[in-house]
Amino acid sequence: MLESENPSDDLKSSIRATVRSLGFDAVGFARTAGEPQDARNLAAYLAEGRHGDMGWMATTAERRADPRSLWPEAKTAIVLGLNYGPDVNPLALGNRSDRGAISVYAQGQDYHTVMKKRLKVLGRWLTANHGGEVKVFVDTAPIMEKPLAMRAGLGWIGKHTNLVSREFGSWLFLGEVLTTLDIAPDASETDRCGTCRRCMDACPTGALPEPYRIDPRRCISYLTIEHKQAIESDLQAKMGNRIYGCDDCLAVCPWNKFAVPTSHAALRSRPNLAEPTLAGLALLDDSNFRELFAGTAVKRTGRDRMLRNVAIALGNSARPSLNDIIKALATDSSELVRDSAHEALRDRQEQHLE
Ligand code: B12
Ligand code: SF4
Ligand code: SF4
């Protein structure tokens with residue numbers, strides 16, 4: 001059949017052209033109906049308490065597993081990807097124990113803002129030109145974005161549980177425009193992990209004990225960003241200098257050989273967040289914290305949780321010159337920071353670093 005004979009194909013070409021002009025790097029179309037397997041996987045994850053402190057995952061479970069229960073009239077999900085590929089290998093910073101490692105995704109402008117702005121323009125264009133109703137989503141909405149993106153052909157869910165793209169490797173942010181328009185779905189992508197298990201072997205805390213199943217309670221991303229209390233001692237030692245998120249399982253994926261640095265200036269690493277000194281971060285008060293991380297995803301932890309992470313990273317550094325800085329944190333106004341600093345000092349005494 002000629003392309004123009006199918007109105008859905010014309011509509012798709014028109015959407016794809018607009019998506020490109022808005023600067024999105026990837027797009028695909030999927031039915032909104034969720035797969036029963038996703039609901040089962042989510043239920044098993046919640047039943048085991050893997051969500052830890054992320055109580056919102058349990059309270060939104062029903063809507064999360066099937067976008068139709070969020071919005072029954074929605075027929076099609078247009079799934080969008082933004083490439084945030086780094087210029088340098090993020091693993092290189094792991095060897096610099098006087099520096100704090102902020103994960104790639106958080107070193108530039110908050111991707112929620114960058115993505116949402118574009119999704120809204122696309123949604124408005126779609127209703128104005130092709131009718132229907134739209135709603136836009138990114139990350140925080142109760143939708144399982146990775147299975148949806150896999151069904152839309154953007155990539156597959158790798159053994160580290162993130163979506164891997166043949167074109168962009170590990171570095172793709174996801175967002176969606178849900179519409180009442182009935183658009184033909186794209187072909188789903190297939191799993192291309194094969195016998196590889198590099199991501200599982202690279203995980204410093206053993207948060208990937210089985211393929212495709214993460215235990216967030218051991219994941220450094222969860223511990224540094226979502227977990228609000230003190231972090232267990234055995235996990236602290238494995239965090240190294242990671243103070244916000246973690247990229248290890250993403251960075252070792254062989255599919256990154258196809259990845260390219262992001263073309264979005266807003267998502268590029270800010271120079272002062274690429275390799276900040278732990279000594280400098282330890283001095284942050286509330287107002288300096290907000291100033292340094294303005295407009296980034298990092299502000300989400302707030303100053304005290306960030307300083308807890310900094311105290312742990314200082315404790316993990318074998319540099320005796322950092323002792324006085326840890327001692328200063330041991331008198332911090334926040335109990336969380338004080339407790340983490342005391343623990344760091346105890347560890348250093350045991351290792352005769354003090
Ligand atoms: C909660 C959450 C987290 C939690 C938990 C992660 C998780 N995997 O559940 C924590 C805080 C740990 C986290 C960390 C990160 N996150 Co996050 N996170 C989310 C969020 C909000 C929900 C994920 C979810 O639904 N989990 C529920 C569980 C059940 O799903 P799952 O673990 O993905 O499991 C799937 C498969 O692995 C498989 N599966 C599960 N069990 C089993 C069992 C068997 C036997 C089999 C075969 C399969 C299987 O099926 C599930 C789907 O059906 C999404 C946004 C969204 N709304 O979807 C972002 C999202 C997944 N995160 C994202 C990012 C970037 C990250 C980090 C890279 C950030 C960082 N650098 O620190 C890390 C990566 C850590 C990792 N290895 O996953 C991106 C990922 C983009 C991409 N290309 O995939 C998302 C999509 C946000 C976005 N809009 O871009 N995240
Ligand atoms: S983000 Fe880090 S801690 Fe979490 S699963 Fe990946 S390698 Fe492990
Ligand atoms: S590192 Fe290997 S196993 Fe892990 S996601 Fe990439 S290809 Fe799959």
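These questions and answers explain the terms used for this predicted model.

Residues are numbered from 1 along each chain as written, and chains are lettered from A and ligands numbered from 1 in written order. Local features need pLDDT of at least 70, side-chain atom pairs count only at pLDDT 80 or more, and totals for chains, interfaces and linings use all residues, while side-chain values use heavy atoms and leave out hydrogens and water.

User: What makes a residue part of the surroundings of ligand 1?
Analyst: One of its heavy atoms must lie within 4 Å of the ligand. There are 40 residues around ligand 1, and D38, Y45, E145, K146 and Y212 come nearest.

User: Why is the pair between D38 and ligand 1 called a polar contact?
Analyst: A polar contact is a pair of N or O atoms within 3.5 Å; within protein, one must be able to donate a hydrogen and the other to accept it, and residues adjacent in sequence count only if both atoms are side-chain atoms. A polar side-chain atom of D38 lies 2.7 Å from an oxygen atom of ligand 1, so the pair qualifies.

User: Which polar atoms of E145 and H160 lie by a nitrogen atom of ligand 1?
Analyst: For E145 it is a side-chain atom, at 2.6 Å. For H160 it is a backbone atom, at 2.9 Å.

User: Which helix gives the most to the shell around ligand 1?
Analyst: Helix 2 does, with 4 residues. Helices (H or I, at least four residues) and strands (E, at least two) are DSSP runs, numbered from the N terminus.

User: How do you know that both domains supply the shell?
Analyst: It draws at least three residues from each of domain 1 (3-86 + 109-179) and domain 2 (198-350). The bounds come from an automatic or database domain assignment. The C-alpha centres of the two domains lie 28 Å apart. Their contact (heavy atoms within 4.5 Å) takes 37 residues from domain 1 and 37 residues from domain 2.

User: What makes strand 1 and strand 2 a pair?
Analyst: Pairing needs at least two DSSP bridges between the strands. Here 6 bridges join strand 1 to strand 2 (residues 76-83), so they pair, running antiparallel. G28 stands opposite V79 in strand 2.

User: Why are strand 1 and strand 4 said to stand at the edges?
Analyst: The 4 strands form an open, antiparallel sheet in the order 1-2-7-4. Strand 1 (26-31) and strand 4 (134-137) each have a single partner strand, so one side of each lacks a neighbour in the sheet.
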